Amino acid sequence: MRIIDLSQVLESGMPQYPGQPVAEFKQVSQVESDGFQVTDFHAVVHVGTHCDAPAHFIQNGETIEAIPLERFVGEAVIVDVHLDGQREMSPAVLEGADIRPGDIVLFRTGLSKQWGTDAYETDYPYFGEEMAKELVERGVRAVGLDFISPDPIETENFPAHHIFLGNKLGIVENLKNLEQIDRKRVFFAAAPLKIKGSDGAFTRAFAVLFD
């Protein structure tokens with residue numbers, strides 16, 4: 001059995017969606033002076049590898065602590081994305097993919113290697129409305145992305161978020177290391193922290209490969 005960590009490291013100055021308050025992590029006590037170390041952090045819940053709840057965009061939608069773990073934990077299928085300069089993903093991206101009802105679908109673009117660059121925050125691929133609706137129709141329970149958002153940075157109405165979250169389809173953003181997965185189907189887990197009333201939460205995402 002192999003476990004592959006799919007999570008970005010949370011740290012001060014980390015990349016995040018433009019316009020959000022800057023994440024800050026600092027030690028407020030140290031072993032040398034206080035006998036113990038304690039770290040204080042201030043950040044929105046949509047930084048690093050995290051899960052979105054319907055409440056993020058849907059009025060009176062589920063908050064993160066109310067979502068069953070099954071939405072973010074289970075069998076996942078990898079879909080490789082090669083857009084050849086195009087940013088919008090259409091249903092054609094899914095051709096040949098063995099997507100079954102109830103699957104979690106992990107989209108592997110390779111963009112996580114650009115974590116920390118301007119391109120990661122602005123030039124990432126995104127889901128066209130037809131693509132988002134196709135995934136809902138196929139009965140997918142969640143999508144995982146190795147980029148920052150299912151909607152383009154230029155959006156004003158966030159259609160993919162609304163389609164996914166309005167249909168209680170989970171979203172896991174900012175995955176990494178998907179290129180280390182050497183098969184198309186894996187056991188995947190991205191259990192979010194239980195933050196009462198929250199529209200999302202940090203997660204330690206990972207894949208389990210049974211050899």
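**Exercise 1. A residue in a loop**

In which loop is the place of Ser-112? Work this out on the predicted model, then describe the surroundings of Ser-112.

Solution. Step 1: Ser-112 sits in the loop that runs between β7 and α2 (118-122).

Step 2: decide on burial. Buried means under 20% relative accessible area. Ser-112 has a relative accessible area of 9%, so Ser-112 is buried.

Step 3: list the contacts. Leaving aside neighbours within four places in sequence, Ser-112 is in contact with Gln-8, Tyr-120, Asp-146, Leu-175, Lys-176, Asn-177 and Glu-179.

Step 4: take one of these partners and check the distance. Lys-176 is 64 residues from Ser-112 along the chain, and their C-alpha atoms are separated by 5.4 Å.

**Exercise 2. A second loop residue**

Classify Leu-193 as buried, partly exposed or exposed, and find its contacts.

Solution. Step 1: Leu-193 lies in the loop between β11 and β12.

Step 2: the relative accessibility of Leu-193 is 47%. The partly exposed class runs between 20% and 50%, so Leu-193 counts as partly exposed.

Step 3: beyond its neighbours within four places in sequence, Leu-193 is in contact with Ile-64, Ala-201 and Phe-202.

Step 4: for a residue elsewhere in the chain, take Phe-36. The C-alpha atoms of Leu-193 and Phe-36 are separated by 25 Å, with the two positions 157 residues apart along the chain.

**Exercise 3. Strand order**

Trace the open sheet of 9 strands from one edge to the other.

Solution. Step 1: the order is β1-β13-β11-β5-β7-β9-β10-β4-β12, and the pairing is mixed.

Step 2: the edge strands are β1 (2-5) and β12 (200-202), since each pairs on one side only. From one strand to the next, the twist averages 25°.

Step 3: start at the β1 edge. β1 and β13 (residues 206-209) pair in the antiparallel sense over 4 bridges, and Arg-2 stands opposite Leu-209 in β13.

Step 4: move to the next pair. β11 (residues 185-189) and β13 are antiparallel over 3 bridges, with Phe-187 and Val-208 as bridge partners.

Step 5: finish at the β12 edge. β4 and β12 pair in the antiparallel sense over 3 bridges, and the bridge partner of Cys-51 in β12 is Ala-201.

**Exercise 4. Helix α4**

Why is helix α4 (residues 159-166) described as largely enclosed by the rest of the structure?

Solution. Step 1: Pro-159, Ala-160, His-161, Ile-163, Phe-164 and Leu-165 are buried in α4.

Step 2: this makes 6 of the 8 residues of α4 buried, so the helix is largely enclosed.

Step 3: identify the cover. The buried residues of α4 are covered by elements including β4 (50-52), β8 (126-127), α3 (129-137), β9 (142-145) and β10 (170-173).

Step 4: place α4 against the sheet. α4 packs on the sheet and touches β4, β9 and β10, and the direction of α4 makes about 130° with that of β10.

Step 5: look past the end of the helix. Lys-168 follows α4 and has a positive phi, near 55°.

**Exercise 5. Nonpolar cores**

Which element gives the largest share of the largest nonpolar core?

Solution. Step 1: the largest core has 35 residues, and those that touch the most other members are Met-89, Phe-107, Phe-127, Met-131, Leu-135, Val-143 and Phe-164.

Step 2: β5 (73-80), β7 (104-108), β8, α3, β9 and α4 each give two or more residues to this core. The largest share, 4 residues, comes from α4.

Step 3: examine Met-131. Outside its neighbours within four places in sequence, Met-131 is in contact with Met-89, Ser-90, Pro-91, Val-93, Leu-94 and Phe-107.

Step 4: a separate second core has 23 residues, among them Phe-72, Ala-142, Val-172 and Ala-201.

**Exercise 6. Aromatic pairs**

Assign a geometry to two of the 8 aromatic pairs, then find a cluster of rings.

Solution. Step 1: Phe-25 and Phe-41 have ring centres 5.4 Å apart and 15° between the planes, and the pair is stacked. Phe-25 lies in β2 (residues 24-29) and Phe-41 in β3 (residues 38-42), so the pair ties together parts that are 16 residues apart in sequence.

Step 2: the ring centres of Trp-115 and Tyr-120 are 5.1 Å apart with planes at 75°, so this pair is edge-to-face. Both Trp-115 and Tyr-120 are buried.

Step 3: Phe-107, Tyr-124, Phe-127, Phe-147 and Phe-164 are linked into a cluster by ring pairs. Over the face of Tyr-124 lies Arg-87, at 5.7 Å from the ring centre.

Technical notes. Residues numbered from 1 in each chain as written. Predicted model: local features only at pLDDT ≥ 70, side-chain atom pairs only at ≥ 80, totals over all residues. Heavy atoms only, no water. Buried < 20%, exposed > 50% of the residue type's maximum accessible area, 1.4 Å probe, protein only. Contact = heavy atoms within 4.5 Å. Pairing = 2+ DSSP bridges. Axes fitted to C-alpha atoms, helices over the stretch in contact; angles between N-to-C directions. Core = buried A, V, L, I, M, F, W, Y, C linked by side-chain atoms within 4.5 Å. Phe/Tyr/Trp six-rings, centres within 6.5 Å; stacked < 30°, edge-to-face > 60°. Lys NZ or Arg CZ within 6 Å of the ring centre and 35° of its normal.
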